[in-house]
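Hi,

Here is the structure I promised to pass on. Have a look at it first, and my notes follow underneath.

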Amino acid sequence: LKTPGLVLRHYDYSENSLLVHFFTEKLGKVKTLVKGAKKPKGKFFGKLDLACLTDIMIVHRSRSDLHLLTDAKLLDALEPLRRDLIKFAHTMVLLEVVDAAFEVESPNPAFYADLVAGLKAFAAAPPNLWLPTVLHLRMLQALGLLPAEDSCQECEKPFAGPFYFSSLKG
């Protein structure tokens, strides 16, 4: 299976291998084993950094949710996200939340498109903390967890004018 994916996180697996989590367009979150990923002159070197947009080739294993990554082509390193500490911190928090929130192999192409477009905009723009907030809200919407915004959660009356969100009452 070939699909674009965003690197969410990676773990050491062995002396030369990594476990890498991607958020992909076709599969949603996917866990992969990448043999030889830590070799300095290997074919994966520099293509599996956090928040990199990569075109990946996966051998899908039917008995496990851990698949084998056989090829990767770097599409966009989103380098400005690594050069600015504020952007880097917000990006890492967002990737952690995406990794924790989405089930393995539950595709959500609309959120994938929002996430990639949002990270590209965040990388290109001056530090703007509204962009990560919007991406968090898009994720909540994709998961069906966004609070209702058309009526009061306490009395269920529709809003007639400005309204405010209460974290205590939802």
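Let's start with two rings: Phe23 and Phe111 are both buried (buried means under 20% relative accessible area, exposed over 50%, and partly exposed in between, with a 1.4 Å probe and protein chains only). Before I go on, this is a predicted model, so local features need pLDDT of at least 70 and side-chain atom pairs count only at pLDDT 80 or more, while totals for chains, interfaces and linings use all residues. Residues are numbered from 1 along each chain as its sequence is written, and side-chain values use heavy atoms, with hydrogens and water left out.

**The aromatic rings**

The ring centres of Phe102 and Phe111 are 5.2 Å apart and their planes are at 20°, so this pair is stacked. Rings of Phe, Tyr and Trp (its six-membered ring) pair if their centres lie within 6.5 Å; planes under 30 degrees apart count as stacked, over 60 as edge-to-face and the rest as tilted. Phe102 has 5% relative accessibility and therefore counts as buried; Phe111, at 1%, counts as buried too. In total there are four aromatic pairs in the structure. For Phe23 and Phe111, the centres are 5.7 Å apart with the planes at 75°, so that pair is edge-to-face. Phe23 belongs to strand E2 and Phe111 to helix H3, so their pairing ties together parts 88 residues apart in sequence. (Helices, H or I with at least four residues, and strands, E with at least two, are DSSP runs numbered from the N terminus.) One aromatic cluster is made up of Phe23, Phe102, Phe111 and Tyr112.

**Helix H3**

Which residues of H3 are buried? They are Phe111, Tyr112, Leu115, Val116, Gly118, Leu119, Phe122 and Ala123. Seen down the axis of H3, these fall within an arc of 165° (taken from the directions from the helix axis to the C-beta atoms), so they line one face of the helix. Exposed Ala110 and Ala124 are on the face of H3 turned away from that buried side.

**Lys29**

Is Lys29, in strand E3 (residues 28–34), buried or exposed? With 8% relative accessibility, Lys29 counts as buried. Its side chain reaches the backbone oxygen of Asp99 at 2.7 Å. Leaving aside neighbours within four places in sequence, Lys29 has contacts (heavy atoms within 4.5 Å) that include Phe23, Phe102 and Glu103.

Cheers

Technical notes. Polar contact = N/O pair within 3.5 Å; in protein donor to acceptor, adjacent residues only side chain to side chain.
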